[in-house]
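Could you walk me through this model, stop by stop, while I have it open in my viewer? Please tell me what to select next and what is there.

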Amino acid sequence: MLLQLDCRPPWTARPPFSKASTTMHPHPKRSVLPSQFCSIPDSSLFVQLNRHGGGKWVAHSQKAGTQSELVNSSDVLDTFKTRRLKSESEGHPKVYRITRSLPIFLLLRLTQLNMCSSLITMFATSHHSATQIFGSMGAPFACISNSISKPVPMKLDVYLPSIQDLKWNFARLLYLFNVQIERNVTTSIIVLIVVCVSLVISGGLLFFILRDKKQSLEECFWEAWACLISTSTHLRQKTRIERILGFVLAIWGLLFYSRLLSTMTEQFRNNMQKLREGAQLQVLEADHIIVCGVNSHLPFILNQLNKYHEFSVRLGTANARRQRILLLADLPRKQLDTIADNVAKDLNHINVITKSGSLSMTKSFERAAANKARSIIILPTTADRYQVDTDAFLSVLALQPLPQMGSVPTIVEVSDSSTCELLRSISGLKVEPVENVAPKLFVQCSRQKGLFKIYTHLLNYRKNVFNLYSFPNLAGAKYSQLRQGFQKVVVCGLYRNGNICFHPKDDEVLKETDKVLYIGPIYRKKKQLHSSNVVTAETADHGKLEALEKNSECHENILKMKNTRLECIAKRPVKAQSKASDHDVGPKECILVLGWRPDVAEMIKEYDNYLGPGSSLEVLSDVPLSDRKRISNLKHVHVSHMVGNLMDYDTLKEAIFRIHGSIKKNEEVPLSIVVIAGCDWAFKDPTRVDKQSAYSILLAENICNKYGIKVENLVAEIIDSKLGKQLTRIRPTLTCIAAEEVMSRVTAQVVEENELNAVWQDILNAEGDEIYVKDISLYMKEGENPSFCELSERACLRREVAIGYVKNNKQVINPRPKSEPLSLGMSDSLIVISELEGTQDG
């Protein structure tokens, strides 16, 4: 205030007011008498010192909007004049300016205190009348005509918050802080650092003040930091206040470091938890195989991949001693580790690592390094066939945004052939959908004894399997020359433009881009292939091929040989009506099916393709009739249903008597009993399901033997093939089929050789070629002793491919040598790949 008063101009006498100056006042009714006065400019108060007739000065003090009050101050002015002359005589104008203002300031403050009481009284008396006067001036334009009626700003009540509000706000602040810490533990570390810096700064400033600035500010900050990090530092303080301050800093230091240690420990624990869960971990692998999803196929696929890599290591074609397998599923990491340990504990040639993540998110596949993988397998994770295809489609779409995915084969298990076409239509990906035809495969194996062993043989890498290989040096040779020239393998067909043909014409010419499909051992590298039996046969028989080409010019000899072979074989009809027989219709049979799941409807349709008119099929299950899918458009089979527990003796006995009673006495109709695994086997414990299937089939056999009921086939669907082998060893009359294991091995084989997907799709498809065990009487007459090469040529006339034979219940695939007589009896069989509903090649 003194500086503000000091900047005012010196006290000077103003000239007298003129009359014209009175007209300058904003209010017309107000006027100022002409006099000499001095003023102190102020925002709320001004003072006028007017001189009246006798030379007496009167001070006028007036606040904004109030009337002025007169104060006699002659003594004050006389003192003021004396001090002014003295100050000017001593030559101190600045001191004079300050001192001249102090009396006036004191005078005005006293005047202001007297005005407060008068203002309160005046406001109380005028409030009621002002309300009545201005209350009527509420018209919209009243403020325009009357300047007094201008709008007054709204005066809001300002009050301190209550204690409850303060408590709620503080709790809200703590809540937000805890939420932030829960999301990110690093927030706590940041807060601790801020608190630590604040303590150091405040403590250093206090030390600096307490020591009277004798020590530098930097040293004081360092002293505060020392007290904070070392509890013994405050003991060296000299004064009482410094010791208290050091003690306080030491206590805060202990709290700070304990909290910091706990926060860092918690952060480390969270990071380790994320590593265990594997959701945020980036996989740094290359040439690995990603298996997406967990179901009952997983153990068989891993077992097959282990065998393949073991065989590759022996051949020298493996890139690593152990194959890396990444198991990716939408399950907790701990659960995945448990599954991997149980499944892969006996597999010595693969290394299984686990990762938790969503199978429909691109980020999960990106963290799994899917674009650097050798191949990707997507398994179904639910029993609903529609949801299986939907999940598979979403997983494939999640792979599409990743770069360089066009070179990584993606094998997807689906339940419908239409889904295969949809997945192949996705651009930028190399998708190989594998249709799960396990129900149809089960029916085929249950109808033909020994067919399951043939499939397992063709899917065992240690034995003869399907191979696709290109022979560019044989380009231009005819297919008949290839079939007859390769003596160490069985030539089955040609692979051209992504399609497989099991029955090319004899005059079909081999192209450089074609691949030959044959059954034989695995040969991976060119160097090994040249030293193999395949190439040895090719080199040894190359002259034979040329000789055959020259002999082909003798058309009469070829026709004579062909007619001789046609006389020894049974001709096929133009249009077959059944898969099981070359006759017009299939055999009449009675089948009792124990168990139910959604794909049993497909099994019944497959049975309808094999059986003839008049056949009956009974279904016994504890599943309600409302939950069983109705089957329509059946041509030959009549289906009936029973509700009951298939492990109950009386219920099973009633079902067997019922199906057996439908057979007429004079009619010999074969009876078959088939046990189907439960509907929850694929995604739960398969051991429990196998126990139920084994118990049911043994109980059915016991009932049939007790009551003398003849049963042609006793078939049980088993998930674990080891248990099936034990059952068949104890009871040779039983047939145990692990159809799902066969499908899992097919998937694993497609992983290693993607082009074999077309081969197995044709073989396992209902509209393609299938493997059959047929009676040898269809290819030879009694008393003949042909070689396998001769039987292959006769099978070719029936548009079939002979791949082996069954002699004395022993199966032989890819027999060697092929030119020697086999000495087969009429009770033996020939294993062929036959076209379904094919026409005879005239």
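## Stop one: the parallel sheet

Start by selecting E14 and strand E15 (residues 615-621): the two run parallel and are joined by five bridges. Keep in mind throughout that this is a predicted model. For one particular pairing, pick Val-593 and look across to E15, where Val-619 is its bridge partner.

Now stay with E14 alone and show its side chains. How many of the five residues of strand E14 (residues 590-594) are buried? Five of the five are, so the strand is largely enclosed by the rest of the structure. In a regular strand, side chains alternate between the two faces of the sheet. In E14, Cys-590, Leu-592 and Leu-594 point one way, while Ile-591 and Val-593 point the other way, and all are buried.

Next, widen the selection to the whole sheet. It is an open sheet of six strands, in the order E16-E15-E14-E17-E18-E19, with parallel pairing. Which strands stand at the edges? They are strand E16 (637-643) and strand E19 (734-737); each has a single partner strand, so one side of each is left without a neighbour in the sheet. If you view neighbouring strands of this sheet along their stacking, you can look for their turn against each other, which is 20 degrees on average, direction ignored.

Before leaving this sheet, select strand E17 (residues 671-675) and strand E18 (residues 713-717). Four bridges join these parallel strands. One residue to click here is Ser-672, whose bridge partner in E18 is Asn-713.

## Stop two: an enclosed helix

Move on to helix H27 (residues 756-764). Seven of its nine residues are buried, so the helix is largely enclosed by the rest of the structure. To see which ones, select Leu-756, Asn-757, Ala-758, Val-759, Trp-760, Ile-763 and Leu-764: these are the buried residues of H27.

## Stop three: the antiparallel sheet

Continue to an open sheet of four strands, with the order E20-E23-E21-E22 and antiparallel pairing. Its edge strands are E20 and E22, each of which pairs on one side only. Neighbouring strands in this sheet are turned by 30 degrees against each other on average, direction ignored.

Zoom in on strand E21 (residues 800-807) and E22, which run antiparallel and are joined by four bridges. Tyr-805 is a good residue to pick, with Val-812 as its bridge partner in E22.

Then go to strand E20 (residues 769-775) and select Lys-774, which lies in it. Is Lys-774 buried or exposed? Its relative accessible area is 13%, so Lys-774 counts as buried. Show the side chain of Glu-800 as well: a polar contact of 3.0 Å joins it to the side chain of Lys-774.

## Stop four: backbone details

Now switch to a backbone view. Most residues other than glycine have a negative phi, and most peptide bonds are trans. The next three selections are worth a look with that in mind.

Begin with Arg-816 and Pro-817, which are joined by a cis peptide bond with omega of about -5 degrees. Pro-817 lies in the loop between strand E22 (810-813) and strand E23 (829-835).

Go next to Asp-287, where phi is positive, near 60 degrees. Asp-287 lies in the loop between H9 and strand E4 (289-292), and it counts as partly exposed because its relative accessibility is 34%.

Finish this stop at Gln-404, which also has a positive phi near 60 degrees. Gln-404 lies in the loop between helix H13 (385-399) and strand E8 (409-414). With 62% relative accessibility, Gln-404 counts as exposed.

## Stop five: a nonpolar surface patch

For the last stop, turn on a surface and select Phe-177, Val-191, Val-195, Ile-244, Phe-247, Val-248, Ile-251, Trp-252, Leu-254 and Leu-255. Together they make a nonpolar surface patch of about 850 Å². The elements giving two or more residues to it are helix H7 (186-210) and helix H9 (240-277). Which helix gives the most? H9 does, with seven residues.

End on Trp-252, which is placed in helix H9. Trp-252 counts as partly exposed, because its relative accessibility is 41%.

Key: Residues are numbered from 1 along each chain as its sequence is written. This is a predicted model: local features need pLDDT of at least 70, side-chain atom pairs count only at pLDDT 80 or more; totals for chains, interfaces and linings use all residues. Side-chain values use heavy atoms; hydrogens and water are left out. Patches are made of residues with over 30% relative accessible area and no salt bridge: like charges are joined within 9 Å, nonpolar side chains (Val, Leu, Ile, Met, Phe, Trp, Tyr) within 5 Å. Accessible areas come from the Shrake-Rupley method with a 1.4 Å probe; for residues, only the protein chains shown count as cover. A salt bridge is a side-chain nitrogen of Lys or Arg within 4 Å of a carboxyl oxygen of Asp or Glu. Buried means under 20% relative accessible area, exposed over 50%, partly exposed in between (1.4 Å probe, protein chains only). A polar contact is a pair of N or O atoms within 3.5 Å; within protein, one must be able to donate a hydrogen and the other to accept it, and residues adjacent in sequence count only if both atoms are side-chain atoms. Two strands pair if DSSP finds at least two bridges between them. Axes are lines fitted to C-alpha atoms, for helices over the stretch in contact, and angles run from 0 to 180 degrees between N-to-C directions.
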